[in-house]
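Colleague: Could you take me through one part of this model up close? I'd like to hear how a single helix sits among its neighbours, and then what you find as you move outwards from there.

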Amino acid sequence: MTAEVRHSEPRSWLFVPADSEKKIAKAIDSNADAVIFDLEDSVAADRKAQAREILKALPARSTGPQWWVRINPIGSDDHKTDLELIANADVHGVVLPKAESGADIIQLAHRTGNIPIHAIVTETAASLFNLLSYRDPRSPLAAMSWGAEDLSAALGASSKYDESGELAFTYKLARSLCLAGAAAAGVQPVDGVFADFRDGEGLRAEAEAAAREGFTGKLAIHPAQVAVINAAFTPSAAEVEHARAIVEAFDCQPGAGVLSVGGRMVDRPHLLAARRVLARTREEKS
Ligand code: COA
Ligand code: MG
């Protein structure tokens with residue numbers, strides 16, 4: 001296996017069950033910025049060994065999405081076997097499900113030679129109390145995402161939704177804590193899965209809302225979701241133009257604390273936001 005860097009901060013992270021060669025071929029040919037070969041929940045226990053063999057046999061690629069592997073959670077027997085695979089695989093990074101705190105990341109980093117880690121940080125009950133613990137300068141943590149399915153199972157919920165059909169408060173809380181925890185840790189905040197993969201309009205609305213709030217990418221479970229997610233997390237031409245105007249205004253007056261750009265007040269928080277938009281600007285749009 002060989003990984004290839006397409007973007008430093010992937011917008012779309014496409015899951016693919018690692019026991020399906022057909023889906024793997026489709027995923028690595030897609031426009032996803034990153035693919036996540038899943039060895040955890042989407043692969044039945046008696047298929048995991050076969051899935052690892054499939055990953056081992058994947059021929060190297062020099063173009064296309066980053067390659068990540070979702071291993072099984074810390075403490076499981078499969079976790080240990082997955083680590084043997086990771087030790088011999090040339091992948092961009094590992095995705096750790098059911099992460100409970102920053103200590104899990106340090107432990108995993110010791111075992112994987114510090115390759116980048118994307119942690120799914122809201123899947124257990126205890127995890128919700130530890131979202132600030134990922135802030136560790138020694139950590140190879142690159143991204144944090146949140147998950148509602150495993151959390152609702154862990155909490156004994158019969159549904160993730162309230163009576164109006166919206167995510168219930170507990171899951172909104174998990175999502176916001178993931179966002180703030182990732183910002184505090186200085187890593188990429190990645191929004192969770194939109195499960196109804198035939199509802200492109202619903203996905204677009206959810207991804208755009210996530211982008212407005214500060215997430216810079218989103219998990220995907222189906223190739224049809226990739227283009228919608230990439231578009232939602234690519235700054236528009238108008239946003240880029242506005243960001244450039246703000247940065248240029250401060251470049252021209254480096255000593256200024258507050259300025260007027262396009263008839264509006266801009267100060268330091270606007271400058272930081274503008275720089276972030278420019279950092280996320282891509283030459284190719286897909
Ligand atoms: N990656 C790559 N290819 C995928 C894919 C994925 N995540 N999901 C579907 N495809 C392929 C299908 O194999 C199918 O290929 P074909 O046209 O050659 O037959 C094509 O895309 C259309 O798929 P579709 O028929 O719409 O969906 P499906 O019923 O085959 O699959 C799921 C639905 C949910 C089972 C499938 O999307 C999937 O496995 N998603 C990933 C699940 C996962 O990894 N979960 C863990 C994280 S929550
Ligand atoms: Mg899961």
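**Around helix α1**

Modeller: Let's start with the packing: the buried residues of α1 pack against β1, β2, α2 and β3. Bear in mind throughout that this is a predicted model. Helix α1 covers residues 21-28, and the buried ones in it are I24, A27 and I28. Looking down the axis of α1, you'd see these buried residues fall within an arc of 85°, so they line one face of the helix. Go round to the other side of α1 and you meet K22 and K26, both exposed.

Now for how α1 is wired into the chain. Together with β1 and β2, helix α1 makes a right-handed β-α-β unit. The two strands of that unit, β1 (residues 12-17) and β2, pair in the parallel sense over five bridges. If you want a spot to look at on that seam, V16 stands opposite F37 in β2.

Strand β2 deserves a pause. This strand runs over residues 34-38, and five of its five residues are buried. Neither face is left open: A34, I36 and D38 are buried on one side, while V35 and F37 are buried on the other. Along its pairing with β3 (residues 66-70), β2 again runs parallel, with five bridges. There, D38 is the residue standing opposite R70 in β3.

Getting from β2 to β3 takes you over helix α2 (residues 48-56), and the three make another β-α-β unit, right-handed too. Helix α2 is one of the elements that the buried residues of α1 pack against, so let's look at it from its own side. In α2, the buried residues are K48, A51, R52, I54 and L55. They span an arc of only 160° around the axis, which puts them on the same side of α2. Among what covers these buried residues are α1, β2, β3 and α3 (77-87).

Helix α3 takes us further along the sheet. With β3 and β4, α3 makes a right-handed β-α-β unit. The chain then crosses from β4 through helix α4 (residues 102-112) to β5, and that crossover is right-handed as well. On the strand side, β3 and β4 run parallel and are joined by three bridges. R70, the residue that faces D38 across from β2, has V95 as its bridge partner in β4. Strand β4 (residues 93-96) is covered on both sides: G93 and V95 point one way, V94 and L96 point the other way, and all are buried. Three bridges then join β4 to β5 (residues 117-120), again in parallel, with I117 in β5 as the bridge partner of V94.

Back to α1 for a moment, and to the ligand. K22, one of the exposed residues of α1, is also among the residues that come nearest to ligand 1. Ligand 1 has 16 residues around it, and the nearest are F15, K22, K23, I221 and H222. For F15, a polar backbone atom is 2.8 Å from a nitrogen atom of the ligand. I221 offers a backbone N or O atom at 2.7 Å from a ligand nitrogen. With H222 the side chain takes part: one of its N or O atoms is 2.8 Å from an oxygen atom of ligand 1.

Two threonines further along the chain are worth a look as well. T216 is in the loop between α7 (200-213) and β8 (217-220). Its relative accessibility is 11%, so T216 counts as buried. The side chains of T216 and Q188 make a polar contact at 3.1 Å. Setting aside residues up to four places away in sequence, T216 touches E9, P10, R11, Q188, P189, F233 and R280.

T281, by contrast, sits in the segment after α10 (268-279). At 32% relative accessibility, T281 counts as partly exposed. A polar atom of the T281 side chain lies 2.9 Å from the backbone oxygen of V277. Beyond its neighbours within four places in sequence, T281 is in contact with P235 and V240. As for A237, that residue is 44 residues from T281 along the chain, and their C-alpha atoms are separated by 9.2 Å.

Conventions: Residues numbered from 1 in each chain as written. Chains lettered and ligands numbered in written order. Predicted model: local features only at pLDDT ≥ 70, side-chain atom pairs only at ≥ 80, totals over all residues. Heavy atoms only, no water. Buried < 20%, exposed > 50% of the residue type's maximum accessible area, 1.4 Å probe, protein only. Helix = DSSP H or I, 4+ residues; strand = E, 2+ residues; numbered from the N terminus. Pairing = 2+ DSSP bridges. Right-handed = clockwise from strand over helix to strand, strands pointing away. Arc of directions from axis to C-beta. Contact = heavy atoms within 4.5 Å. Near = heavy atom within 4 Å. Polar contact = N/O pair within 3.5 Å; in protein donor to acceptor, adjacent residues only side chain to side chain.
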